[in-house]
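Student: Could you zoom in on the place where the ligands sit and talk me through it, distances and all? I'd like one connected picture rather than a list.

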Amino acid sequence: MDTQHTRSQATARPRLGWPRRIGWRLALGFGVLVVLMLVALAQAIFQIHHITGVTQRFATGDMQRLLRVQALSLQTEGVGNALIRLINAPRANRVAEYADVDERNRRIDGIVESLADDLKDADQEQNLKHLVESRAAYAEAFIATADEIEGDNPAAAWRLLNERVNPALKTMLLESNALLQRERERIESQLDDAQRLFDRVALWVAGLSVLAVALAVWLGVRTTRSVVGPLEQLEVAAQRIAGGDYSRRVPMTRTQEVDRVGRALNTMTDAVAQRERDIEHLAFHDPLTGLPNRTALFNAVVSTQAPPNCLALMDLARLKAINETLGYTTGDTLIQQTAQRASQALQAAAASGLIGPEPVVARLSGGTFAALFSAPDRAAVETLRERIEQAMGAPVHCSGHSVDLSLNYGLADSGDPAQGATALPVDTLLRNAEVALHSAKRAAVGFAWHSEAQEAARLSHLSLLSDLRQAVATSQLQMWLQPKFSLATGRAVGAEALVRWQHPTRGFVSPAEFVPFAEQAGYITMVTNWMLEQALRSLAAWAPTHPELSIAVNVSTRDLQQKGFAERVARMIEASGVPAKRLRLEITESGLMDDPTHSVALLHALRDIGTPLSIDDFGTGYSSLAYLQKLPVSELKIDRSFIDKLDQSPGTQKLVRAMTEMGHGLDLMVTAEGVETEAERETITRLGVDVMQGYLASKPLHGEKLQAWFDVLPIK
Ligand code: C2E
Ligand code: CA
Ligand code: CA
């Protein structure tokens, strides 16, 4: 771009005397033309005037002189004849003949005299001198002849005539003819001069005209080229810009007006290029973190050298709760920090050769990020994950809060190429990673690989589900109860009912393993029904000694979607004779959010039966505070991921305190799940939590252990 720039500057160096503005150029060119035309016109007028003078002079003077000289010859010839007639004439007729001769003589004298007035050269003077002399000789001879005539001596008269008069007259005639000749020559030479002058004028005018035309042509071509050339360059530049090439500048020309347009075009190009970069950036980048977005992630494969064979999904835990309780600014800061630290960790891993070059980190949504890269094996990916975890170690400080970054990972790869695995497309990797992330969250483990085993497990769950119907019928299910304790009094307030499945061939099957699939397949309602029956039976058994205890049953979204669920619960409660307020229903926050409006209506229906409701796993879903206010619930169960190592995490403590205060603000009982250590218990007590549930107080109990616990409960 720079070389182009300097080259175009070089061509723009102004030529000496050639103005840089078209206006000046046109003025100068046409000014010169007008001056030239005026000079030609003046010259023509002057020369024509001159020619007119010459012609006039010729017409008035020279022609007259020529005529006079001609008249002189005539008169001279005539006088000879008149003399002959005089000699021959009888005396009586002589007077008339004398008068004729005298008249002719007078005329000759007059002409000679007038010719003497304006002689033009020495030759003519010589001629005239001879003419005058011969006139004098003629005059003498004439007088002598006339004397002889008067003396009636014709022979002597004839002699005189022949010897003196005629020679004198002949000389006169000769001289006058010589004069006439000279005069003719002079006129001819003057005519030649005039012709030459005329030719010269014509040549001058023609020359000036040709010069003017040539200049006009040159000027026209020059001006046209100086305008058309740069305009063409502008046109080419404009087409280039239209074609999306913003790298080259419009070259500078020697024309100011065009350069102004060129500069404007350059400025426009820069602005358009910048805007296009901005738009492209917006289209492919996330504005909050500056990371590529989902679209850019899919495009990334084309640009990286080593085809990526791994995709790691990273999900920022509890983002919703943080947004709700500590504010969106804090949430945004967490997202930015996660983005920055994850990117740095990946770049460092690529630089150290742990993974392939050019890893791509993209933000997909909310607190979910995807890293796309190539890695030699799963061990390398797990090492990478550990490094990312280390990078997330330091808490984030924002608006006076200190918050821990906690990520869940879903990992997916294309498999081992050595064992015939082909590279998977990015969307497949992403879908697999999502499945893995889901199972990591469900199992409450930090990370999970998507695997063939997972696929197999999914299939085996399907066969498991077909066994579930059997399980309900043949009492393979058990209800275990996990007690809950008031932190203020230390007394048991009730228990949560948790399902267990003793499979005849597979052995113990964890609810985490079959509940989600049973929910998907809609089989969960059988389980819920069975659990409700069991819970109500236990409550009925406890009623005589411990009527204050309640039992909470987990209700799934599918139950809520079933028509007449509230009525069925009502019928079962009635049939058991247990007060409705002893049975609690736990509904997960995320379950409510699947269909928020319908959920609100249904919860109201349940609430109307008199059954208290709890929000389960609070803090992991995406409910808004405004939405929570509409729910007719009486308990908030803070998810156990918040309680884990709570005593060591001041940031999470702030969150838990905020959630507790919020719960109390809505008149809810706040329960902490998964309390495992004394330190955690102390912390939640300090933070104002009302009820605890967890291994520290009691694991879920069944059979004899449950009976033993129940037996030692202090009776009110
Ligand atoms: P949940 O509703 O959050 O239940 C609490 C889970 O946390 C139980 O796991 C319980 O054993 C476990 N837990 C209790 N205290 C501690 C502790 O101190 N530390 C740790 N690490 N864990 C603790 P469980 O029984 O495996 O149940 C897993 C999930 O399966 C439940 O989570 C619930 O979502 C679902 N589930 C269990 N029983 C039922 C049921 O009858 N119906 C429905 N719909 N879902 C059920
Ligand atoms: Ca529960
Ligand atoms: Ca829970």
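Tutor: Here's a walk through the metal site, followed by the residues around it and a few spots further off. Keep in mind that this is a predicted model, so every distance below is computed from predicted coordinates.

Let's start with the calcium ion (ligand 2). Its donors are Glu-496 through an OE atom, Asn-554 through OD1, Glu-586 through OE and Asp-616 through OD, at 2.1 to 2.4 Å. Along the chain, those donor residues follow the pattern E-x57-N-x31-E-x29-D. Glu-496 belongs to strand β9 (residues 492–503) and Asn-554 to strand β11 (residues 550–555), so this pair ties together parts of the chain that are 58 residues apart in sequence. How covered are these two? Glu-496 is buried, at 4% relative accessibility, while Asn-554 is partly exposed, at 28%.

Now for the calcium ion (ligand 3). Asp-616 and Asp-617 each give it an OD atom, and Glu-673 is listed twice with OE, at 2.2 to 2.5 Å. The donor spacing reads D-D-x55-E. What links the two ions? Asp-616 coordinates both the calcium ion (ligand 2) and the calcium ion (ligand 3), which are 3.8 Å apart. The bridging residue Asp-616 is buried, with a relative accessible area of 5%. Asp-617, by contrast, comes out as partly exposed, at 25% relative accessibility. The cut-off for buried is under 20%, so the 5% of Asp-616 falls inside it and the 25% of Asp-617 does not.

Next, bring in ligand 1. It has 19 residues around it, and the closest are Gln-482, Arg-500, Arg-640, Glu-676 and Tyr-695. Some of the calcium donors turn up here again. The side chain of Glu-496 puts an N or O atom 3.1 Å from an oxygen of ligand 1. Asn-554 has a polar side-chain atom 3.2 Å from a ligand 1 oxygen, and for Asp-616 that distance is 3.1 Å. For your purposes, then, Asp-616 has a bridging role between the ions as well as a polar atom 3.1 Å from ligand 1.

Asp-639 is worth a look too, since its contacts lead back to the metal donors. You'll find Asp-639 in the loop between β14 (635–638) and α20 (640–643). Beyond its neighbours within four places in sequence, Asp-639 contacts Asp-617, Phe-618, Thr-620 and Glu-673. Asp-617 and Glu-673 are donors to the calcium ion (ligand 3). Asp-639 is buried without a salt bridge, and its nearest side chain of opposite charge, Arg-640, is 5.9 Å away. A salt bridge has to be within 4 Å, so that 5.9 Å pair doesn't qualify. What the side chain of Asp-639 does have is a polar contact of 2.8 Å with the side chain of Ser-641.

Arg-582 is another buried charge without a salt bridge, with Glu-548 as its nearest side chain of opposite charge, 6.8 Å off. Arg-582 sits in the loop between α16 (565–576) and β12 (583–588). Glu-548 comes into play through its backbone instead: the Arg-582 side chain reaches the Glu-548 backbone oxygen at 3.3 Å. Not counting neighbours within four places, Arg-582 contacts Leu-539, Pro-547, Glu-548, Leu-549, Ser-550 and Ile-551. Ser-550 and Ile-551 fall within the residue range of β11, the strand that holds the donor Asn-554.

One more stop from there: Ala-535 in helix α14 (residues 524–542). Its C-alpha is 9.8 Å from that of Arg-582, with their positions 47 residues apart in sequence. Ala-535 counts as buried, at 0% relative accessibility. Its contacts, leaving aside neighbours within four places, are Met-479, Ile-551, Val-553 and Leu-583. Ile-551 therefore shows up among the listed contacts of both Ala-535 and Arg-582.

Last, α20, the helix that follows the Asp-639 loop, is among the elements covering helix α8, along with β1 (310–316), α9 (328–351), β5 (401–403) and α21 (650–665). Helix α8 (residues 319–326) has six of its eight residues buried, including Lys-320 and Asn-323.

Note on methods: Residues are numbered from 1 along each chain as its sequence is written. Chains are lettered from A and ligands numbered from 1 in the order in which they are written. This is a predicted model: local features need pLDDT of at least 70, side-chain atom pairs count only at pLDDT 80 or more; totals for chains, interfaces and linings use all residues. Side-chain values use heavy atoms; hydrogens and water are left out. Helices (H or I, at least four residues) and strands (E, at least two) are DSSP runs, numbered from the N terminus. Buried means under 20% relative accessible area, exposed over 50%, partly exposed in between (1.4 Å probe, protein chains only). Lys and Arg count as positive and Asp and Glu as negative; His and the chain ends are not counted. A polar contact is a pair of N or O atoms within 3.5 Å; within protein, one must be able to donate a hydrogen and the other to accept it, and residues adjacent in sequence count only if both atoms are side-chain atoms. Contact means heavy atoms within 4.5 Å. Donors are N, O and S atoms within 2.8 Å of the metal (3.2 Å for Na, K and Ca); water is not among the atoms, so sites may look incomplete. A residue is near a molecule or strand if one of its heavy atoms lies within 4 Å of it.
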